[in-house]
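Visitor: I should like to understand how the terms used for a protein model are justified. Would you take me through the reasoning step by step?

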Amino acid sequence: MKLHSISVSQLLMLESGQFIKRLITDFDNSGLTASTDAEFALQLNELKAQLPTYTDALMQIQAKEESLYIAGLDLVRDRQFSAVRRAISAYEFSEDEREQAPYHSLLLIIDKYDRIETATYEAESLGLEIFMKEIREAADDAMNKLGLTKFIENLEIANDNFKNKFNQRSSENISTVHYNSKQLRKEIFSTYNDLASYVLIMAKRKKTPFFITLLEVVNNGRAYYADTLAHRAAINKRDDGK
């Protein structure tokens with residue numbers, strides 16, 4: 001009898017929360033009753049009591065990561081808008097009369113959106129949608145005559161990518177409380193390690209069906225995440241080799 005080997009310190013922050021949840025879920029589905037052993041019940045209840053606050057801290061981390069990612073997507077669409085602007089400006093000094101009318105048609109449109117990049121996220125999303133519609137419907141078939149189709153399509157893709165991520169973000173539901181996630185992780189895993197060690201000791205000493213099954217429950221999650229870490233390590237080793 002032994003605990004399945006795993007280095008929990010290598011778990012990513014969000015994984016660490018799922019690791020703890022996995023133990024609790026597996027136990028709830030095992031058919032075992034915590035009150036069978038008072039000490040185990042005490043440790044499990046302590047773990048459950050710590051989990052909500054730890055989950056909030058992890059959600060706060062996720063929200064910050066999402067905010068950074070959203071900011072990156074916003075930068076991408078800002079650059080695509082700049083690409084459209086530059087593509088249009090390339091015709092400023094064109095001596096081809098067939099390009100002058102389309103150029104001035106588009107110049108009037110883009111001048112209206114000169115500071116669109118500084119608007120709020122949602123205002124910019126809507127503004128870019130209207131901008132692209134006006135460009136596509138501009139007089140003299142300007143978009144096609146100046147070869148701007150690919151630039152507008154790239155801008156549309158960038159804007160859609162931003163909107164999709166922005167609409168599914170979780171930051172709206174995050175409280176303004178600031179958590180010390182490292183300390184909370186240290187505390188909850190201290191409780192977890194005590195619980196796992198206790199289960200192992202009692203399984204060896206008592207050898208009762210309760211503790212033997214309980215050890216299997218504990219090892220189930222440990223084995224799953226140990227495989228996850230091993231798989232990640234193999235990928236990292238392969239990529240480093242490349």
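**Reasoning from values to terms**

Guide: Let us begin with one residue of this predicted model. Setting aside neighbours within four places in sequence, Leu-106 is in contact with Ile-88, Ile-135, Ala-138, Ala-142, Met-143, Leu-146 and Leu-148.

Visitor: What makes these residues count as being in contact with Leu-106?

Guide: Contact means heavy atoms within 4.5 Å. Each of the residues listed for Leu-106 is in contact with it in that sense. A separate value concerns C-alpha atoms: those of Leu-106 and Glu-134, 28 residues apart along the chain, are separated by 8.7 Å.

Visitor: Where does Leu-106 lie, and why is Leu-106 called buried?

Guide: Leu-106 belongs to helix 3, residues 97-112. Its relative accessible area is 0%, and buried means under 20%. Leu-106 is therefore buried.

Visitor: Why is Asp-74 called buried?

Guide: Asp-74, in helix 2, has a relative accessible area of 10%. The cut-off is under 20%, so Asp-74 counts as buried. Beyond residues up to four places away in sequence, Asp-74 touches Tyr-121, Glu-124 and Phe-162.

Visitor: How do you know that Gln-43 counts as buried?

Guide: The relative accessibility of Gln-43 is 10%, and the cut-off is under 20%; Gln-43 therefore counts as buried. This residue is placed in helix 2. Residues up to four places away in sequence aside, Gln-43 touches Thr-191, Asp-194, Leu-195 and Tyr-198.

Visitor: Why is Asp-141 called partly exposed, and why is Lys-207 called exposed?

Guide: Exposed means over 50%, and partly exposed lies between that and the buried range of under 20%. Asp-141 has 41%, so it is partly exposed. Lys-207 has 53%, so it is exposed. Asp-141 sits in the loop between helix 4 (121-136) and helix 5 (142-145), and Lys-207 sits in the loop between helix 7 and helix 8. Neither is a glycine, yet phi is positive in each: about 50° for Asp-141 and about 55° for Lys-207.

Visitor: What makes a set of residues a nonpolar core?

Guide: The members are buried residues of certain kinds, such as Phe and Ile, joined through side-chain atoms within 4.5 Å. The largest such core here has 39 residues, of which Phe-19, Ile-20, Phe-40, Phe-189 and Tyr-192 touch the most other members. Helix 1 (13-28), helix 2 (38-89), helix 7 (181-206) and helix 8 (209-241) each supply at least two of its residues. Helix 7 gives the most, with 11 residues. Apart from this core lies another, of 22 residues, among them Ile-109, Leu-128, Phe-131 and Leu-146.

Visitor: What secondary structure does the protein chain have, and how do you know that the chain is more spread out than a compact globule?

Guide: The protein chain comprises 8 helices and 0 strands. For 242 residues the globule rule gives 18 Å, whereas the radius of gyration is 28 Å; that is well over the rule, so the chain is more spread out than a compact globule. Along its principal axes, the C-alpha trace spans about 95 × 45 × 30 Å. Buried residues make up 40% of the 242.

Conventions
Residues are numbered from 1 along each chain as its sequence is written. This is a predicted model: local features need pLDDT of at least 70, side-chain atom pairs count only at pLDDT 80 or more; totals for chains, interfaces and linings use all residues. Side-chain values use heavy atoms; hydrogens and water are left out. Helices (H or I, at least four residues) and strands (E, at least two) are DSSP runs, numbered from the N terminus. The radius of gyration is taken over C-alpha atoms; the globule rule is 2.2 Å times the number of residues to the power 0.38. Buried means under 20% relative accessible area, exposed over 50%, partly exposed in between (1.4 Å probe, protein chains only).
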